[in-house]
Amino acid sequence: YAAEMATEGQEVHELFLPVASSKGGLGGTFWTTTVWLANLAATPTRVKGAVLVPTQDNTAAVSAAQDIVTLDGGASALRSDIVARLGASNVTGAVYLRAETPATETPRDLIAASSRNSTPNPSGSGAYGQAVSGVRAGERRVVTAAGVTVSDAFRTNVGVLNTSGQTISVAVEVRRDDRVPVAATTWSLLPYEPRMVNATTLGITSLGCGTAIFKLLSPDGSFRAFLSVVDNGTNDSIYIPAS
């Protein structure tokens, strides 16, 4: 698909930030995403992006990715509130990144991308946040993330991003520490659709040490999955990629 979008003599590198926000959340939070981009190539590299919105087919957004920055060889840049910069508001979804540069004969990564999803500290200066690295489309059919916690102290969000241009089905199962399943569902995700839900919507009312297993049921396609565990007292959060 990337090759179809690239012009002749152009090399393309696609990455995804599986979760990105510009939206208010629970506990008076307001989450925004800052992204850092580094050009790994010696040639000038044009970086484009698109916001991937839940409950819709995002193929058109990927095809019409907007310019973020053009980086000289080895240069880097920071962009705050990348979701809003790309024209979206009141959204928690994902971000697609595409780097383009004149092609060489050697396959390579063109860019590195890191981000921070953060919310202001309600009792002082600074912010609380989690780091999310840019990743390629998923390659594994089954991935696992440990750390599902639902209690008075913590809440957990469970997320999946379709990193392909086709509709896929992903089975999601959460197990207790004794391996007994406590929740199971199957999500149908439209092309490039992200989905993130609070674990309580899966019927989990209390869980001290859970593990989430994600399985691609479709014969083709790809995905990335993750957990976001948030401290209810401070709104500090951690990002746990499934692997």
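A residue counts as buried when its relative accessible area is under 20%, as exposed when that area is over 50%, and as partly exposed in between. The exercises below apply this definition to a predicted model.

**Exercise 1. Classify the two partners of the salt bridge between Arg195 and Glu193 as buried, partly exposed or exposed.**

Step 1. The side chains of Arg195 and Glu193 meet in a salt bridge, with 3.4 Å from N to O.

Step 2. Glu193 has a relative accessible area of 3%. Because buried means under 20%, Glu193 is buried.

Step 3. The value for Arg195 is 25%. Since this value lies between the two cut-offs of 20% and 50%, Arg195 is partly exposed.

**Exercise 2. Determine which parts of the chain are linked by the salt bridge between Asp109 and Arg136.**

Step 1. The closest N and O atoms of Asp109 and Arg136 are 2.7 Å apart.

Step 2. Asp109 lies in the loop between strand 6 (91-102) and strand 7 (111-120), whereas Arg136 lies in the loop between strand 8 (127-133) and strand 9 (142-150). The two residues are 27 residues apart, and the pair links distant parts of the chain.

Step 3. Asp109 is partly exposed at 41% relative accessibility, and Arg136 is partly exposed at 36%.

**Exercise 3. State how many salt bridges the whole structure contains, and describe further examples.**

Step 1. A search of the whole structure finds seven salt bridges.

Step 2. One of them joins the side chains of Arg176 and Asp178, at 2.6 Å from N to O. Arg176 is partly exposed, with a relative accessible area of 36%, and Asp178 is partly exposed at 38%.

Step 3. Salt bridges also link Lys48, Arg98 and Glu100 in a network.

**Exercise 4. Identify the members of the largest nonpolar core that touch the most other members, and the strands that supply this core.**

Step 1. The largest nonpolar core has 27 residues, of which Val158, Val160, Val170, Val174, Trp187, Phe214 and Phe223 touch the most other members.

Step 2. At least two residues of this core come from each of strand 9, strand 10 (154-162), strand 11 (168-175), strand 12 (181-189), strand 14 (207-216) and strand 15 (223-231).

Step 3. A second, separate core of 23 residues includes Val47, Leu97, Ala99 and Leu110.

**Exercise 5. Describe the surroundings of Leu207, and relate them to those of Val174.**

Step 1. Leu207 is found in strand 14. Its relative accessible area is 5%, so Leu207 is buried.

Step 2. Leaving aside neighbours within four places in sequence, Leu207 is in contact with Val148, Thr149, Val150, Val174, Arg176 and Val182.

Step 3. With neighbours within four places again left aside, the contacts of Val174 include Val148, Val182 and Leu207. Val148 and Val182 therefore appear in both lists under the contact cut-off of 4.5 Å.

Step 4. Leu207 and Ser76 are 131 residues apart in sequence, and their C-alpha atoms are 42 Å apart in space.

**Exercise 6. Characterise the largest pocket by its space, its lining and the strands that contribute to it.**

Step 1. About 530 Å³ of space lies in the largest pocket.

Step 2. The pocket is lined by 26 residues, and Ser21, Gly25, Thr92, Asn157 and Met196 lie nearest its centre.

Step 3. The lining divides into ten nonpolar, twelve polar and four charged residues.

Step 4. Strand 1 (10-24), strand 6, strand 10, strand 13 (194-198) and strand 15 each supply at least two residues of the lining.

How values were computed. Residues are numbered from 1 along each chain as its sequence is written. This is a predicted model: local features need pLDDT of at least 70, side-chain atom pairs count only at pLDDT 80 or more; totals for chains, interfaces and linings use all residues. Side-chain values use heavy atoms; hydrogens and water are left out. A salt bridge is a side-chain nitrogen of Lys or Arg within 4 Å of a carboxyl oxygen of Asp or Glu. Helices (H or I, at least four residues) and strands (E, at least two) are DSSP runs, numbered from the N terminus. Buried means under 20% relative accessible area, exposed over 50%, partly exposed in between (1.4 Å probe, protein chains only). A nonpolar core is a set of buried Ala, Val, Leu, Ile, Met, Phe, Trp, Tyr and Cys residues joined through side-chain atoms within 4.5 Å. On a 1 Å grid over the protein atoms alone, a cavity is a set of points where a 1.4 Å probe fits but cannot get out, and a pocket is an open set with protein on both sides within 12 Å along at least five of seven lines; lining residues have an atom within 4 Å of a point. Grid points are joined across faces, edges and corners, and a volume is the space filled by probe spheres set on the points. Ala, Val, Leu, Ile, Met, Phe, Trp, Tyr, Cys and Pro count as nonpolar, Asp, Glu, Lys and Arg as charged, and the others, Gly among them, as polar.
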